[in-house]
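Hi,

Here is the structure I promised to pass on to you. Have a look at it first, and my notes follow just below.

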Amino acid sequence: MEGHLNLTLKIWRQKNASVAGKFETYQVSGISTDMSFLEMIDVLNNRLIEEGDDPVAFDHDCREGICGMCSMYINGRPHGPNRGVTTCQLHMRSFQDGETITVEPWRASAFPVIKDLVVNRSSFDRIIAAGGFVSVNTGNAQDANNLPIPKDDADEAFAAAACIGCGACVAACKNASAMLFTSAKVSQLALLPQGKVEAATRAQAMVAQMDEEGFGACSNTGACEAECPKGISIENIARMNREYFSSTFSSK
Ligand code: SF4
Ligand code: FES
C-alpha cells in the first residue's frame, strides 16, 4: 500500500573533478513509497530548479536496470540496500519515514567525478576496446544445430553477458578492482567457439588495460559479487585468471 515519506538527504555536490566537493543537506517531503530512488531525486531537482538552484547531476538512461548508468552509493552501498537491483529499480518503500539518506558518487581514481553523482567510466570502455570483441568474420547467423554449444557453456556465457558495466563491483572493492567486470567480458566470449580464436590475446590485452587505467588488484573478499546488481559470479575471475596464465605460458 502506498505511503509517504519525509526524508533528509545528504548529497555529494561537486562542480567538477578539479574542485573539492562536499555534502549538502536537503529535506524532501511527501515522497511516495511507490517512487523509484531516481524519481525521488527528480522531485528534489524540480524544486531546486524552481528555487533557482543547480539541480543534482546524476547519470541515468533506461531506468529499468539495463544500461548501468544510475551508479551511486546510497548509505554506503553501491545501488543501495537491496541485493540484485540497480538504483533505478530501488523503490522508496525500502526506506523509513524520517530517515537520513547519504548519496555519493563512486569513489575510485579510475572513475573521476564529472559533476555531483556523475563519474567518468570511460576506463571501462577502453578495457572493452582492448579485447572485448570477436574480430574474425563469423559469417551470417547459422542454423541452431550447425554449431553445437554445450548447454552449460551457453548458460554461463549468457550469465556473464548480463554485466551492464555499472561499476558497482569497483565501488564495492576496497582496492577499486575491476576484476569482476573485466572477467565477465572475457568470459562471455571465452566460453563460446567464436570467442576462442582470440582468447589468448584477449585476456592479456584486457588485463593490461585494466592495470593501465589504475584499477587495483583483486581483494579476494567477494564484495564485488555481493554488490553486483546482475549477480555476476566471481567464478568468472577464476576463469579469466586461467585464460590469462595459460596464454602467458603458451606465448613463451
Ligand atoms: S560485474 Fe556487476 S557490478 Fe560490475 S560492472 Fe558488471 S554488472 Fe556492474
Ligand atoms: S538507469 Fe539504466 S540501469 Fe538504471
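A good place to start is the pair D34 and R93, which form a salt bridge with their closest N and O atoms 3.5 Å apart. This pair links distant parts of the chain: D34 lies in the loop between β2 (22-32) and α1 (37-50), while R93 lies in the loop between β4 (77-78) and β5 (100-104), 59 residues apart. D34 is partly exposed, because its relative accessible area is 41%. Please keep in mind that this is a predicted model.

A second long-range pair is R121 with D59, where the closest N and O atoms of the salt bridge are 3.9 Å apart. Here 62 residues separate the partners, with R121 in the loop between β7 (118-119) and α2 and D59 in the loop between α1 and β3 (73-74). Are these two residues buried or exposed? R121 has 12% relative accessibility and so counts as buried; D59, at 18%, counts as buried too.

E104 and R107 also meet through their side chains, in a salt bridge of 3.1 Å from N to O. With a relative accessible area of 17%, E104 is buried, whereas R107 is partly exposed at 35%. Elsewhere, R13, D54, K115 and D116 are linked in a network of salt bridges. The count for the model comes to 13 salt bridges.

Now to the inside. In soluble globular proteins, nonpolar side chains tend to be buried together. The largest nonpolar core in this model has 33 residues, and F111, F124, V170 and F215 have the most contacts inside it. At least two core residues come from each of α2, α4 (168-172), α5 (179-190), α7 (199-212) and α9 (235-250), and α5 gives the most, with 6 residues.

F111 is worth opening up in your viewer. Setting aside neighbours within four places in sequence, F111 is in contact with W106, V119, N120, R121, S123, F124, G167, V170 and F215. That list includes R121, the buried partner of D59 described above. There is also a second, separate core of 27 residues, which includes V28, F37, M40 and C70.

Finally, the surface: V134, V136 and V197 form a nonpolar patch there, with about 210 Å² of accessible area together. V136 sits in the loop between α2 (122-131) and α3 (151-160) and counts as partly exposed because its relative accessibility is 32%.

Happy to go through any of this with you.

Best wishes

Notes
Residues numbered from 1 in each chain as written. Chains lettered and ligands numbered in written order. Predicted model: local features only at pLDDT ≥ 70, side-chain atom pairs only at ≥ 80, totals over all residues. Heavy atoms only, no water. Patch = residues over 30% accessible without salt bridge, like charges linked within 9 Å, V, L, I, M, F, W, Y side chains within 5 Å. Areas by Shrake-Rupley, 256 points an atom, 1.4 Å probe, with all protein chains shown as cover. Salt bridge = Lys/Arg side-chain N within 4 Å of Asp/Glu carboxyl O. Helix = DSSP H or I, 4+ residues; strand = E, 2+ residues; numbered from the N terminus. Buried < 20%, exposed > 50% of the residue type's maximum accessible area, 1.4 Å probe, protein only. Core = buried A, V, L, I, M, F, W, Y, C linked by side-chain atoms within 4.5 Å. Contact = heavy atoms within 4.5 Å.
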